[in-house]
Each structure stands twice: as C-alpha cells, then as structure tokens.
Amino acid sequence: MKQIKLIVLVFVLMVSLTGCNNEKAGNEKNGETSVNEASEEREPAEVITFPAYEEANPEKLPFIDKVNNTPAFHVKVNLPENWGVENRKPDVENLVPGDFYSMLSIYEKDTLIGYIGFNIFDPYEDPIPEEQYYQTVYPGLRLSSVFHWDPYEAVKTTDTAETGIADIWYLEPGEIDKHPGAMADVPQQETIGILSYDKELKVFIGMAFMPGTVSREQAEAVAQSISLSAETGTTADTGTKSTLHPA
C-alpha cells in the first residue's frame, strides 16, 4: 500500500513539473515573439548626407565656397510611414523661407510637405547660458523682417548638440512684390520646423513643413530621433537605409 501511494505521489510531481516547464517555455516564446514584433514595427533610420549637392556660385562668394567645401556629415532621422526625402530642391513659389543650403524635398507619398537643408556656423566661445546658446547659432532665422523661426523649444540636448522645435512665421514670398511699400498687406503664414546644431561639426540643419501638413506631435517625434555625425564611411556602413531618390 505504501508503495502504491509513493508511485502516485511521484506521478503527481512529474505531471506538475511538466506543466510548469511547458508554461515557462510558452512565456519565453511569447516574450520572444513580443520582442520580434516590436523590432519589426520599429522603422529603420534614414541617413541623409550633406552637402547633398554643390550650390551654384557664379559670383565666387567665399561663404558659398565654404558651404560647398563643408566636410560631409550624416543626418540620421526616423521619418513617419509614407514620408521620403528626394534628392532635389523644392520647386514651389511660396516655400517656407529659411537660411539653408543643399535643400532636399520631403514628401508624404506624392505630396510635398517640406524640405531639409543645412548651414554652417562658428561656435560662440564666450560664456552664455545653455538655454540661450541656440540664439547664437540661428541669428539669420530669428532676426529677419519677413520671416522668423521663433519661439524655439529644445527637445533633446547633449554636451555638443541640440535639437528643437521652432514656430515659424513668414510673409508669403510670392506676394511680397505685389504690395510695394505695404508689407502689412502681405498675407502671412504660420507653420512649424525643426532645428538641430552640432558645435563640433560646426553645422546646423533645418526642416520646414508646409502650413497645415504636420502636427506638432509628429514634428517632436521626428526631432527626438535626429542625430548628426561626421562621415566616417558610406551610409551602408551604418546598417541603415537612405530614401534619397534622384530627381
């Protein structure tokens, strides 16, 4: 009788252990599936190289030569689904004004929604509060009488770089000549943009979106993903893809 009870007890223990192992294996499998699903959902970063092309300089201006000779650098950014960057300058009359070179078009499917471009700057060396440093980088964007990228809000900051969101106000470029001496009559527009600088690279980039095409939440998500880096090889070395397409 004691032997029978012992056999039953051993059998019960074996069944319990088998059930626990199966449950653990199932949990591990489910966990692995969740990780794989998350990896599949995560969009790979786009890598854009600047200067993307050489700016025309028929007047041999030294500054344009300096822009064209800027050491190549990469902009890595996660773009929303259906967005792409095309290797051509936007060709619209009322493009959002800015202070950028080597501009490239940003499309959502077949619709032009903005552009991305770059510029160079000399890092400010005198002591200045960190939250005001952006003012030394973007004076051309902040002090114009026909447009300004301000107020500005930083969303990501490192020791040498910062990315932020800028509210953009501007007079429609195609309407200014129609109102000589009456700037107050020129139609005004408001939209949103992204700015990012790197003091070591001595460059900044800007993304401007056509009015009504991009929400602040979308812009902030894109801004959070931006990083600038010096070119150390080809974009293939980064393990990411580029959506640059020839015009």
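**Exercise 1.** Work out how E6 and E7 are joined and how they pair.

*Solution.* Begin with the connection: a hairpin of 3 residues leads from E6 to E7, where strands (E, at least two residues) and helices (H or I, at least four) are DSSP runs numbered from the N terminus. The model is a predicted one, in which local features need pLDDT of at least 70, side-chain atom pairs count only at pLDDT 80 or more, and totals for chains, interfaces and linings use all residues. Residues are numbered from 1 along each chain as its sequence is written, and side-chain values use heavy atoms, with hydrogens and water left out. Next, look at the pairing, for which DSSP must find at least two bridges between two strands: E6 (residues 147–157) and E7 run antiparallel and are joined by 8 bridges. One pair to locate is Glu 153 with its bridge partner in E7, Ile 165.

**Exercise 2.** Place E6 and E7 in the sheet, and explain what marks its edges.

*Solution.* The sheet is open and has 7 strands, ordered E3-E4-E5-E9-E8-E7-E6 with antiparallel pairing. Strand E3 (83–86) and E6 are the edge strands, because each has a single partner strand and therefore one side without a neighbour in the sheet. Further along the order, strand E5 (residues 111–120) runs antiparallel to strand E9 (residues 203–209), with 7 bridges between them, and Gly 117 stands opposite Gly 206 in E9.

**Exercise 3.** Describe the surroundings of Thr 163, a residue of strand E7.

*Solution.* First find Thr 163 in E7, which covers residues 161–171. Its relative accessible area is 2%, so Thr 163 is buried; that term means under 20% relative accessible area, with over 50% exposed and partly exposed in between (1.4 Å probe, protein chains only). Then follow its side chain, which makes a polar contact with the side chain of Ser 196 at 2.7 Å; such a contact is a pair of N or O atoms within 3.5 Å, where within protein one must be able to donate a hydrogen and the other to accept it, and residues adjacent in sequence count only if both atoms are side-chain atoms.

**Exercise 4.** Determine whether Ile 192 is buried or exposed, and find what it touches.

*Solution.* Ile 192 lies in strand E8 (residues 188–198). With a relative accessibility of 7%, Ile 192 counts as buried. Not counting residues up to four places away in sequence, Ile 192 touches residues including Ile 165, Phe 209 and Val 214, contact meaning heavy atoms within 4.5 Å.
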